[in-house]
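Hi everyone, thanks for making the time today. Please have a look at the model on the screen, and then I'll walk you through some parts of it.

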Amino acid sequence: MAEGLVDGTVPPLPPRYRFRDLVLGDHYAEGEDRVRVEFYINERSFKERLQLYFIKNQRSSLRIRVFNFFLMAVSCTLYCVRVILDDHRHIACHGCTPKNFSNTTENWWGLLWVNRPVWLWALQVSIAIIMLFQTVLMLYLQHKGNICQQLMSITRILEFLNTIPFIITLFWPPLRNLFIPVFLNCWLAHAILKNMLNDLNRALQKIQTAFSQQVIILCSMLLCLIFTSICGVEHLERAAPGVDGKMNFFQASYFVIVTFSTVGYGDIQVNVWPSQLFVAIMIIAALVVIPIQLEQLAFYLLERQKQGASYSKHRAASEKHVVVCATCIQADLIMDFLNEFYAHPHLQDYFVVLLSPVELDNTMRLLLQIPIWSQRVIYVQGSALRDQDLQRVRMDDAEACFILSPRNVMDRHEAAQNESDDDKRKNKGSGNAGKSGLDSLRNYYDQQTILRTWAVKDFSPNLPIFVQILKPENMFHVKFADHVVCEDEFKYALLANNCLTPGTSTFVTLLIHTLRGHEGSDSDSQWMRMYGRSSGNEVYHITLGDSKFFGEFENKSFIYASFHAHKKYGVALVGVKKDEEDSEIQLNPGPKHIMQASDTCYYFNITKEENSAFIFADSDPEKEREHKRKDSKSSLHNEPSSSSKIHSIIASVETQEGNHNAVDTQEQGSMAIELQERRANDPAREALVTGKPSTSSGRNLLIPPAGEEERVPGRRRPSILPVLEIMSSDPEDEETGITFTAEKVETEVDGDIEDIKVWDAKNESDWMKGYPPVAPYIGYTPMFSHLLANPRKLCCLELDQPCSHSNHHCARDYNWPNNSIIVAVESTAPGLYNFIVPLRAHWRPKHTLKPIVIMVEKRPDTVFLESIAAFPLVYYMIGSIESLDDLLRAGILQADTVVVVDRESSKLAEEDYMADACQVVAVQTMFKLFPSSTIITELTHPSNMRFMQFRAKDYYALKLAQKQKLSFVHAYLKGKLKSNVKGKREKERGANLSYMFRLPFAAGNVFTASMLDTLLYQSFVKDYMIIFTRLLLGLDQAHGSGYLCEMKITTDDLWIRTYGRLYQKLCSTTFEIPVGIYRTQMQSDSKSELSVTIDDDDQSSTCLSEERAALAELVRSKMKKLGLPESDYDAEATEKRSALSYVLINPGFDTKLELDDVIFIIRPAGGPNASSPMPPRRKYSTRRPKTEGEKREEPQGSMDTRL
């Protein structure tokens, strides 16, 4: 090549280059030389190629090491064979005559010569040649620096010691019986094993932890130490006098093991001093080497305990598991997940693998050592962003991955730094001053969640992912996940619904928790038994064609199926989904929807239909068969409940031992629904179905007797129409022939006209319905809402600051016709937008809209203000709930509800459970100053809800708390004793809400974001739960889907008497479906069957009166200072508990209605572009004065739901 360059010639190019030049053309100038450059010439030398094969290439070097390890093992095995075949009587060199030694003197020649057969010598020489060749080759390839330093290494000395003597015997045959310590090759094998483990980790990607590798190395060292001692003692004892004094290989093994175990029986002894010295040296070496190795092993063991275990591949192939990823493993978060996850009977065989980058705390370690969790939960320390850690948890083989956000974890130092940076921005006048440093931390945690989600999706594209995120503006990053729950989005929507429909938070919380309906069954209070029993209701689904509950309602209207399914089976059909492409879940689609066999039905019940048994009350088999025969022959258009009626709405999950054998043979956890055969000629029940008067009783049961209500001349007596199979939009016009006359239509006030009269056009003009013009964050889906045609100026949004458009100084100056809603937050966040939208939903009548006052501690940013400017009656003010002046200016005296949102800065408390201290004390102060106010509080920890509206002398609340503790301990001990008993009932596996019977929670006055965690967990077995809940709370609007609202039972509605009759009346007139009751039990109501005695300590009434007077004087002085009339303050309000409230989900058909019951109803709606199917109704404003003595006319076939 060099000569060619000197001569000025270039070697010809290969043909492929010439063909490319021919195709592309040669644009080089004539006479221009081209040179082909070849790279990595140095690797083409013979030495480099050998280095590449023996050293650099990991796979080839691993094969060579495996081969060397095999040679070392074979050489040690051949040595053991030589020892076993050795004859102690023939001790001499090869070809020499053996000498005779006396039995009393030592035979030192026995240490030099051994008896080695020719075939054994040939094998050992062959191995020695190969080993010597490799040793010389490696010296040549690894030669760097001083050659003497490499030759004097222990490894090289052992290799030369066990190979060169065998090579010499090829040229000097008498040395063939020379003793050579081949057993020392075990230490060479030990060194090769360590290098081989490293190559396995690098070349074959074998994931070997440091702990397992250290265990292998320690075991190898112990084995080499014992093997060396056995071979050394056996050989040195060859010098013992006499043949009987010598040891064989087995005796030497026995002696060494007994000696190293410090037992020392003394039945076998060493007889010559060299063997005694050798044993002493080996014992000293063991005492030095083994503790060092054990110390390293203990260190790696502790590190492994911190890192957790790995989920093996063979377990992943034979078992099912889910992976839970989180920044930190919190005990409360994980226990909520485990209780809810394992509450489902089909998930009992699943394993849960926890993946977290931080080590477990002591509390979590103790929890995972409980037998019920230690066999199911595996902790792995690692990061979801590392493929190695994802491989350790077998993410590819997992059934699902849950990615949870650290809700209550705050880095105090980082948060303080962010707060300082925020103050600097505020001082500089930045537009983002409203975003606190803690808000930045929540964004930071969401960013971690997003990266984990991306990493899992990249590693396992087909794995179902369940993501929990904190802020709604970050949701669009994880839209690809199968299920996403945003905490702020659901939290604010739930709080907003709680303001209009009391108890919504409790209703939804009980609905998304797995309970069994046996909570409170042993209580003496009837309200606790009813409340606990109804809490077992959950959302289930089934295809109509496969359903016993709904199969008979095929080709009938949805309303008809819902009412008769509840009357017959006690289940509440609330939604349906068509078997069509891109179909959505519809809550109460109305009477226009005709049920088809392919429809998916969504219903409330204590258990799903598959776990239910249908058993008639009459145990006679002949009558049972006769009942089935009659039921099968019944016509499609006949009343489906004409042959049976519910005897008991829902029977106990755990039947008594004295029940029929048929019940005992049912599937574990089944639900027994007893159906009692009804007389075919029962006139009373016939009247219930047909609406015709009974011939036996002479009156219609659906019409109250004349003595139950005052007979007013010219007033129709109210009645209930039957629910028809197929109904039109207006049943009065097309079915019953009942029409609204012109005079009656005039009395039914038109909603739009009334709204104009009620609302002052000077304040709120040009109202419209539409989509908000400004989106609060990326990825938000606009909702059809009440809007202003012209959004207000930003200066007009501040409640207590006059501007050029308004001169109001406080909420009272606005003179709103409806009471307001105050929401107190630390800082405005985009999630707060979801609090406003449900309160301004298009289906809410305009005259019922309540003003919203946002009390914020830090000034909102411009983006948030622009997003709320288009909503009517929405204001903000800078203030805090800790300031009495701010509360009065915000209009707490004119407010229906005060919502106190959790403060993020409270999470910086040194003690975790003190995070709610500021919140609880501030709310308690509000309760003391304004006892009549309804306060809804969000807390960080559910255990702190017992301090809400705390009364030290409220013995009833204290009694409930004590009973709750005893019940919890009893349930824990019972579950612990039965944890290993097979075949236990399904209810023993149910989740437990420790705060379920706390009065603030039962009344819906307290809320924690952790209540929503189970919504994500339930989505694993019910993939529709998130969508269903979003529709229920108004976060989504599906075409044709209804919405949750409320109606209140007044004295004019008590003639309905039972929940079942109300169900029929709503279904037959307004097509609404009731799903629950919010009941307030007054202390003085002694006639109610749920009456309770609530005792307060009256001995300190004098002190309380004095305290109350002092507080009243304080409030009046503040009001006088602010220029507010003192008459607005109710000084006679008392802090004494006079009522308790609770929620009943899907109550029984015969449940009696009581005064002031609030009914949860799902009202049908055709969507924003379709008209409502409901007939016109009378509407009342909460502020409208009524004429004294005026009585409401109850038209036949219609009912006022009192919005």
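Let's begin with helix α37, which is mostly covered: eleven of its eleven residues are buried. Keep in mind, as we go, that this is a predicted model. The buried residues of α37 include Tyr-1059, Leu-1062, Leu-1066 and Cys-1067, and also charged-looking names on your sequence view such as Arg-1061 and Lys-1065. Just after α37 comes Phe-1071, with a positive phi of about 65°.

Now step back along the chain to the loop between β22 and α37, where you'll find Arg-1057. Its phi is near 75°, again a positive value in a residue other than glycine. Is Arg-1057 buried, exposed or partly exposed? With a relative accessible area of 29%, Arg-1057 is partly exposed: that value is neither under 20%, as buried would need, nor over 50%, as exposed would need.

Strand β22 takes us to a sheet. In what order do its strands lie? This is an open sheet of four strands, and the order is β22-β25-β23-β24, with antiparallel pairing. At the edges stand β22, residues 1043-1048, and β24, residues 1139-1145; each has a single partner strand, so one side of each has no neighbour in the sheet. On average, neighbouring strands here are turned by 25° against each other, direction ignored.

Let's zoom in on one pairing. Strand β23, residues 1073-1082, and strand β25, residues 1158-1163, run antiparallel and are joined by five bridges. If you'd like one to find on the screen, take Tyr-1078, whose bridge partner in β25 is Val-1158. As a general reminder, side chains in a regular strand alternate between the two faces of the sheet.

What lies across this sheet? That is helix α20, residues 504-511, which lies across β22, β23, β24 and β25 and runs at about 40° to β24.

One more loop before we leave the sheet. Between β24 and β25 sits Asp-1156, a residue other than glycine with a positive phi, near 70°. At 35% relative accessibility, Asp-1156 counts as partly exposed.

Next, a parallel pairing. Strand β17, residues 852-856, runs parallel to β18, and five bridges join them. Here Val-856 has Ile-878 in β18 as its bridge partner. To get from β17 to β18, the chain passes through helix α30, residues 862-868, and this β-α-β crossover is right-handed. Why call β18 largely enclosed by the rest of the structure? Because four of the five residues of this strand, which spans 874-878, are buried.

Strand β18 also brings us to the rings. The charged end of Arg-792 sits over the ring of Tyr-875, 4.8 Å from its centre. Elsewhere, Lys-1022 lies over the face of Tyr-540, at 4.3 Å from the ring centre.

How many aromatic pairs does the structure hold? There are 41. One of them is Phe-337 with Phe-402, an edge-to-face pair at 5.1 Å centre to centre, with 70° between the planes. This pair links distant parts of the chain: Phe-337 belongs to helix α13, residues 331-341, and Phe-402 to strand β4, residues 401-404, 65 residues apart. Phe-337 is buried, at 0% relative accessibility, and Phe-402 is buried with a relative accessible area of 0%.

Then there are Tyr-342 and Trp-373, with ring centres 5.9 Å apart and planes at 35°, so this pair is tilted. Tyr-342 is in the loop between α13 and β2, while Trp-373 is in helix α15, residues 371-374; they are 31 residues apart and again link distant parts of the chain. Tyr-342 is buried at 4%, and Trp-373 is buried at 6%. These four residues are among the members of one aromatic cluster, which also includes Phe-341, Tyr-350, Phe-466, Tyr-1017 and Phe-1020.

Let me finish with the whole chain. It has 38 helices and 25 strands, and buried residues make up 52% of its 1203 residues. Of the contacts with a separation of 6 or more, 75% are between residues 24 or more positions apart. Thanks for listening, and I'm happy to go back to any part on the screen.

Methods
Residues numbered from 1 in each chain as written. Predicted model: local features only at pLDDT ≥ 70, side-chain atom pairs only at ≥ 80, totals over all residues. Heavy atoms only, no water. Pairing = 2+ DSSP bridges. Helix = DSSP H or I, 4+ residues; strand = E, 2+ residues; numbered from the N terminus. Axes fitted to C-alpha atoms, helices over the stretch in contact; angles between N-to-C directions. Contact = heavy atoms within 4.5 Å. Buried < 20%, exposed > 50% of the residue type's maximum accessible area, 1.4 Å probe, protein only. Phe/Tyr/Trp six-rings, centres within 6.5 Å; stacked < 30°, edge-to-face > 60°. Lys NZ or Arg CZ within 6 Å of the ring centre and 35° of its normal. Right-handed = clockwise from strand over helix to strand, strands pointing away.
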